[in-house]
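Hi,

Here is the structure I promised to pass on. Have a look, and then read on for what turned up in it.

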Amino acid sequence: MKKKEDVFERNIVLLGFMGCGKSTTGIILSKRLGMKYVDVDKYIEEMTGRTIPELFEQGEEHFREEEHRAMSELAGQTGCVITTGGGVIMRDDNIPQMKENGVVVYINTPFSLCYQRIADSDRPLVHSNTREQLYDLYKLRRAKYRAACDLEVPGINGSRPVVRAILAGLGLEGR
Ligand code: S3P
């Protein structure tokens, strides 16, 4: 970050595995900073008129196309806290879009905690994979989140410490 004011003219993009706490963190962060909150999955659902499980019924590739389209549209926004779906880094061409106007933050939450939060959810990938397969995906993605992010924060002890770590990492402590 060159100047701390920059962040308000850009976006803060939150990355991390399913269940890492992106949405809760994003909502608190956006309120704290007076920025608009945009959740990419909700944006896709509004854009397509379909739920995420419905889009996955047409195949994961179909969902990834819609996700890419949403990321292209959102790249032009500024002043937003944007929470992405955990698989957004599976397409390399989503990364320049996140970085176009955004500072990219990876919330690194231990797998066991993510899994505890997602195990009973309606996320399609949780239904189609075993715990072991999801752990393999977690490890594969961790390397990609790390390569894509400008800042990594630990996702432990709930959302408020995560928000504090992000503010400190962006030079915005005290906000
Ligand atoms: C996905 C994560 C989900 C959603 C979709 C695919 C993934 O979002 O985009 O089910 O590939 O990890 P959350 O990370 O918000 O659960």
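Below are my notes on the aromatic rings, two helix contacts and one loop residue.

First, keep in mind that this is a predicted model.

Let's start with the rings. Searching the whole structure turns up eight aromatic pairs. Take Tyr135 and Tyr138: their ring centres are 6.1 Å apart and the planes sit at 25°, so this pair counts as stacked. Both tyrosines belong to helix 9 (residues 131-148), where they are three residues apart, about one turn of the helix. Their surroundings are worth a look too: Tyr138 is buried, with 4% relative accessible area, while Tyr135 is partly exposed at 34%. The two also belong to a cluster, in which ring pairs link them with Phe17, Phe111 and Tyr115.

Next, the helices. Helix 2 (residues 22-33) and helix 10 (residues 159-169) have axes that come within 9 Å and cross at roughly 55°. That angle falls between the roughly parallel and roughly perpendicular ranges (under 35 and 65 to 115 degrees), so helix 2 is oblique to helix 10. The crossing is right-handed. On the helix 2 side, the contact is made by Thr24, Thr25, Ile28, Leu29, Arg32 and Leu33, and helix 10 brings in Ser159, Arg160, Val162, Val163, Ile166 and Leu167. By type, the residues of this contact split into seven nonpolar, three polar and two charged.

The other helix pair is helix 3 (residues 40-48) with helix 5 (residues 60-75), whose axes come within 10 Å and cross at roughly 105°. These two are therefore roughly perpendicular. Helix 3 uses Val40, Asp41, Tyr43, Ile44, Met47 and Thr48 to meet helix 5, among whose contact residues are Phe63, Arg69, Met71 and Leu74. Here the contact residues come out as eight nonpolar, one polar and five charged.

Last, a loop residue: is Thr84 buried or exposed? Thr84 lies in the loop between strand 3 (80-83) and helix 6 (95-101), and at 4% relative accessibility this threonine counts as buried. Setting aside neighbours within four places in sequence, Thr84 is in contact with Val13, Leu14, Leu15, Lys22, Val40 and Met71. Two of those names should ring a bell: Val40 of helix 3 and Met71 of helix 5 also take part in the contact described above. As for Lys99, 15 residues along the chain from Thr84, the C-alpha atoms of the two are separated by 13 Å.

Cheers

Conventions. Residues are numbered from 1 along each chain as its sequence is written. This is a predicted model: local features need pLDDT of at least 70, side-chain atom pairs count only at pLDDT 80 or more; totals for chains, interfaces and linings use all residues. Side-chain values use heavy atoms; hydrogens and water are left out. Rings of Phe, Tyr and Trp (its six-membered ring) pair if their centres lie within 6.5 Å; planes under 30 degrees apart count as stacked, over 60 as edge-to-face and the rest as tilted. Helices (H or I, at least four residues) and strands (E, at least two) are DSSP runs, numbered from the N terminus. Buried means under 20% relative accessible area, exposed over 50%, partly exposed in between (1.4 Å probe, protein chains only). Axes are lines fitted to C-alpha atoms, for helices over the stretch in contact, and angles run from 0 to 180 degrees between N-to-C directions. Angles under 35 degrees count as roughly parallel, over 145 as roughly antiparallel, 65 to 115 as roughly perpendicular and the rest as oblique. A crossing is left-handed if the near helix is turned anticlockwise from the far one by less than a right angle, and right-handed if clockwise. Contact means heavy atoms within 4.5 Å. Ala, Val, Leu, Ile, Met, Phe, Trp, Tyr, Cys and Pro count as nonpolar, Asp, Glu, Lys and Arg as charged, and the others, Gly among them, as polar.
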